[in-house]
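This briefing walks through one protein chain for a reader at the bench. The points are grouped by topic and can be checked against the display.

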Amino acid sequence: MSTTSTLVRDSSGTASGTERAAEIPLYVISTHKVRDRAGKPPYRWIPYGIEHAWQPGTQRTLCGQWTAGWTVFWERRFSATPSTACHGCVEASLPDESRRRLDPIHTV
Ligand SMILES: [Zn+2]
């Protein structure tokens, strides 16, 4: 009988598992936030620049960037719709079947 613990916390940033449940929500995360001054006060915070996808419990965006110091927008689910959505995250969030239709995106 193995006594190996399966409750190892992933503190090194390496992948703790290969399977990703389809129902895990993805939230918007960005390097900066700005006040949305389009409405009335109190102004809400909105992502500034590229919107990346982030899964709670992880330390990286779906496209593999470290999220230390980034802002999570808990009220926003990541969506591929906005033009500001990160292409790498969009691709990574797609199901395998639809991802195969896409060419790899090489951004500089
Ligand atoms: Zn990204």
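Beyond its neighbours within four places in sequence, Val34 is in contact with Ile46 and Tyr48. Val34 sits in strand β2, and its C-alpha is 5.9 Å from that of Tyr48, although the two residues are 14 apart in sequence. All of this is read from a predicted model.

**β2, β3 and the loop between them**

- Val34 is partly exposed because 13 other C-beta atoms lie within 10 Å, a count that falls between the limit of 12 or fewer for exposed and the 20 or more needed for buried.
- Asp36 is found in the loop between β2 and β3.
- Asp36 counts as exposed because it has 11 C-beta neighbours inside 10 Å.
- Leaving aside residues within four places in sequence, the contacts of Asp36 are Tyr43, Arg44 and Ile46.
- From Asp36 to Pro47 the C-alpha separation is 9.1 Å, with their positions 11 residues apart along the chain.
- Ile46 is thus named as a contact of Val34 and also as a contact of Asp36.
- The loop between β2 (32-35) and β3 (45-48) also holds Pro42.
- The peptide bond joining Pro41 and Pro42 is cis, with omega at about 0°.
- As background, most peptide bonds are trans.

**Overall layout**

- Five strands and two helices are assigned in the chain.
- Read from the N terminus, the order of elements is β-β-β-β-β-α-α.
- Of the 108 residues in the chain, 14% are buried.
- Among contacts with a separation of 6 or more, 51% are between residues 24 or more positions apart.

**The sheet**

- An open sheet is formed by three strands in the order β4-β1-β5, with antiparallel pairing.
- β4 and β5 are its edge strands, each pairing on one side only.
- From one strand to the next, the twist averages 45°.
- In general, strands of a sheet pair through backbone hydrogen bonds, either parallel or antiparallel.
- β1 and β4 are antiparallel and are joined by three bridges.
- Four bridges link β1 to β5 (residues 71-77), again in the antiparallel sense.
- Tyr27 stands opposite Trp54 in β4 and opposite Arg77 in β5.
- Ile29 faces His52 across the pairing with β4, standing opposite that residue.

**The nonpolar core**

- Which residues make up the largest nonpolar core? It has nine residues in all: Val28, Ile29, Ala53, Trp54, Leu62, Phe78, Cys86, Cys89 and Val90.
- Two or more of these residues come from each of β1 (27-30), β4 (52-54) and α1 (87-93).
- Two core members already met in the sheet are Trp54 and Ile29; Trp54 stands opposite Tyr27, while Ile29 stands opposite His52.
- Leu62, another core residue, is in contact with His52, Ala53, Cys89, Ala92 and Ser93, leaving aside its neighbours within four places in sequence.
- Ala53 and Cys89, both in that contact list, are themselves part of the core.

**The loop between the helices**

- Leu94 is placed in the loop between α1 and α2 (96-99).
- Is Leu94 buried or exposed? Leu94 counts as partly exposed because it has 15 C-beta neighbours inside 10 Å, whereas a buried residue needs 20 or more.
- The C-alpha atoms of Leu94 and Ala80 are 9.3 Å apart, and the two residues are 14 apart in sequence.

**Confidence**

- The mean pLDDT over the chain is 81, and 69% of the residues reach 70 or more.
- Residues 10-18 have a pLDDT below 50, and the model gives this stretch three contacts beyond near neighbours in sequence.
- Where pLDDT is low, the predicted coordinates should not be read in detail.

Definitions and conventions. Residues are numbered from 1 along each chain as its sequence is written. This is a predicted model: local features need pLDDT of at least 70, side-chain atom pairs count only at pLDDT 80 or more; totals for chains, interfaces and linings use all residues. Two residues are in contact if their C-beta atoms, placed from the backbone, lie within 7 Å. A nonpolar core is a set of buried Ala, Val, Leu, Ile, Met, Phe, Trp, Tyr and Cys residues joined through C-beta atoms within 7 Å. Two strands pair if DSSP finds at least two bridges between them. Axes are lines fitted to C-alpha atoms, for helices over the stretch in contact, and angles run from 0 to 180 degrees between N-to-C directions. pLDDT is the predictor's confidence in each residue, from 0 to 100.
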